[in-house]
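Biologist: I should like to go through the reasoning behind the labels given to this structure. Please set each value against its criterion.

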Amino acid sequence: MFRITKQFAFSASHVLGGLEADHPCARLHGHNYIVEVELAAASLDGRGFVRDYRELSPLKRLIDDEFDHRHLNDVLGHDHVTAENLAKFFYDWAKGRWPEVSAIRVSETPKTWAEYRP
């Protein structure tokens, strides 16, 4: 199996609902997010690619236009804007465009990652 990944970055704020009042994530805060899309294929196309990285530019446009420097609660319309839910959102969006998408990882900090992989 061949696997490729590409990273995208954005900065945004959010508030997590349903947490105890003294939980730091219950307050307005922000992160410098990294989104990593993974694509997999058993064979390569005629050019030797799983998929040309340039074909992933619509994901960059989505992130830049809709997520970067935004309040994620407003973008997604709920207050459970966790890295896990972001990973699922980006997976669903990307899988609908590129069948080779196999996973999405989202990082909020250099030491934390959430992954959605069906």
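Biologist: Which residue forms a salt bridge with Lys88, and how far apart are the closest N and O atoms?

Modeller: This is a predicted model. In it, Lys88 pairs with Asp92, and their closest N and O atoms are 2.7 Å apart. The cut-off for a salt bridge is 4 Å between a side-chain nitrogen of Lys or Arg and a carboxyl oxygen of Asp or Glu, so the pair qualifies.

Biologist: What separates Lys88 and Asp92 along helix H3?

Modeller: Both belong to helix H3 (residues 83-95), and they are 4 residues apart, which means a separation of about one helical turn.

Biologist: Why are Lys88 and Asp92 called partly exposed?

Modeller: Partly exposed lies between the limits of 20% and 50% relative accessible area. Lys88 has 30% and Asp92 has 40%, so both receive that label.

Biologist: Which residues do salt bridges that share partners join into one network?

Modeller: That network consists of Asp45, Arg47, Arg51, Asp52, Glu55 and Glu100. One of the pairs is Glu55 with Arg47, whose side chains meet at 3.2 Å, N to O. Glu55 has 29% relative accessibility and is therefore partly exposed. The structure holds 11 salt bridges.

Biologist: What makes the meeting of Arg3 and Glu38 a salt bridge, and which parts does the pair tie together?

Modeller: The N to O distance between their side chains is 3.3 Å, and the limit is 4 Å, so the criterion is met. Arg3 lies in strand E1 (residues 2-14) and Glu38 in strand E2 (residues 29-41), so the pair ties together parts that are 35 residues apart in sequence.

Biologist: Is Glu38 buried or exposed, and how is Arg3 classed?

Modeller: Glu38 has a relative accessible area of 12%; buried means under 20%, so Glu38 is buried. Arg3, at 48%, counts as partly exposed, because exposed requires over 50%.

Biologist: Which residues have the most contacts inside the largest nonpolar core, and which elements supply that core?

Modeller: The core has 30 residues, and those with the most contacts inside it are Phe10, Leu59, Leu86, Phe90 and Val106. E1, E2, helix H1 (57-67), helix H2 (72-76), H3 and strand E4 (101-109) each supply at least two of its residues. H3 provides the largest share, 7 residues.

Biologist: With which residues is Phe10 in contact, leaving aside its neighbours within four places in sequence?

Modeller: Phe10 contacts His31, Asn32, Tyr33, Val35, Ile63, Phe67, Asp68, Leu72 and Phe90.

Definitions and conventions. Residues numbered from 1 in each chain as written. Predicted model: local features only at pLDDT ≥ 70, side-chain atom pairs only at ≥ 80, totals over all residues. Heavy atoms only, no water. Buried < 20%, exposed > 50% of the residue type's maximum accessible area, 1.4 Å probe, protein only. Core = buried A, V, L, I, M, F, W, Y, C linked by side-chain atoms within 4.5 Å. Contact = heavy atoms within 4.5 Å.
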